[in-house]
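Student: I would be grateful for a close look at one part of this structure. Could you begin with a single residue and then proceed to what lies around it in the chain and at the metal sites?

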Amino acid sequence: MPQQSPQTRMTKQRMVILEELRRVHTHPTADEIYGMVRQRLPRISLGTVYRNLDLLAESGDILKLESAGSQKRFDGNVTPHQHVRCTQCGRVGDVVEPVRVPDISAARAPGFLILSGRIEFEGVCEQCASRN
Ligand SMILES: [Zn+2]
Ligand SMILES: [Zn+2]
């Protein structure tokens, strides 16, 4: 293990949150992570989980997946990959055969300097598809 500076040293709580999030590939919400972490730290509060998720996202240890109109989800896999979101239940999955990101240097938007771009897919998950 590399030596960490005191500023970045992880608390036990933050470590458990990170471990639990890295264990799954379901892109859980903060509430779901709270449920997972509570199995190991029964006295942790939801606020502590929220605060640590924000800190972990800021430090780049996890990804925060923002989406208008649905709950934020989190990803313990920070290597670049694409996501698909179910338009019915909000479930998020990893795209295992990614498509090439278009050349963003060709993109123009008046009044903006474009720095990055990403592709996000929408679809219907198996569970929702089988309910229709
Ligand atoms: Zn669904
Ligand atoms: Zn992911």
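Tutor: Let us begin with Thr-29. Neighbours within four places in sequence being set aside, Thr-29 is in contact with Gln-71, Lys-72, Arg-73 and Phe-74. Please keep in mind that the model is a predicted one. Thr-29 sits in the loop between H1 and H2. Is Thr-29 buried or exposed? Its relative accessible area is 4%, and the cut-off for a buried residue is under 20%, so Thr-29 counts as buried.

The loop between helix H1 (12-23) and helix H2 (30-38) also holds His-27, and His-27 leads us to a metal site. The zinc ion (ligand 2) has as its protein donors His-27 (NE2), Asp-75 (OD), His-81 (NE2), His-83 (NE2) and Asp-94 (OD), which lie 2.0 to 2.1 Å from the ion. Along the sequence, these donor residues follow the spacing H-x47-D-x5-H-x1-H-x10-D. Within this set, His-27 and Asp-75 link distant parts of the chain: Asp-75 belongs to strand S2 (residues 73-75), and the two residues are 48 residues apart. Both His-27 and Asp-75 are buried.

We may now follow the chain into H2. In general, a pair of packed helices is described by the angle between their axes together with the distance between those axes. For H2 and helix H3 (residues 46-58), the axes come within 10 Å and cross at roughly 115 degrees. H2 is therefore roughly perpendicular to H3. The crossing of these helices, H2 and H3, is right-handed. Where they meet, H2 contributes Ala-30, Asp-31, Ile-33 and Tyr-34, while H3 contributes Leu-46, Val-49, Tyr-50 and Leu-53.

Finally, let us turn to the other zinc site. Which residues hold the zinc ion (ligand 1) as protein donors? They are Cys-86 (SG), Cys-89 (SG), Cys-125 (SG) and Cys-128 (SG), lying 2.3 Å from the ion. The angles among the four donor atoms are 105 to 114 degrees, and the site is tetrahedral. In sequence, the spacing of the donor residues reads C-x2-C-x35-C-x2-C. Cys-86 is part of strand S3 (residues 83-86), whereas Cys-125 is in the loop between strand S5 (120-123) and helix H4 (126-131), so this pair ties together parts that are 39 residues apart in sequence. Cys-86 has a relative accessible area of 5% and is buried; Cys-125, at 11% relative accessibility, counts as buried too.

Notes:
Residues are numbered from 1 along each chain as its sequence is written. Chains are lettered from A and ligands numbered from 1 in the order in which they are written. This is a predicted model: local features need pLDDT of at least 70, side-chain atom pairs count only at pLDDT 80 or more; totals for chains, interfaces and linings use all residues. Side-chain values use heavy atoms; hydrogens and water are left out. Donors are N, O and S atoms within 2.8 Å of the metal (3.2 Å for Na, K and Ca); water is not among the atoms, so sites may look incomplete. Four donors count as tetrahedral if all angles lie between 85 and 135 degrees; four count as square planar and six as octahedral if opposite donors are over 155 degrees apart and all others between 65 and 115; anything else is irregular. Helices (H or I, at least four residues) and strands (E, at least two) are DSSP runs, numbered from the N terminus. Buried means under 20% relative accessible area, exposed over 50%, partly exposed in between (1.4 Å probe, protein chains only). Axes are lines fitted to C-alpha atoms, for helices over the stretch in contact, and angles run from 0 to 180 degrees between N-to-C directions. Angles under 35 degrees count as roughly parallel, over 145 as roughly antiparallel, 65 to 115 as roughly perpendicular and the rest as oblique. A crossing is left-handed if the near helix is turned anticlockwise from the far one by less than a right angle, and right-handed if clockwise. Contact means heavy atoms within 4.5 Å.
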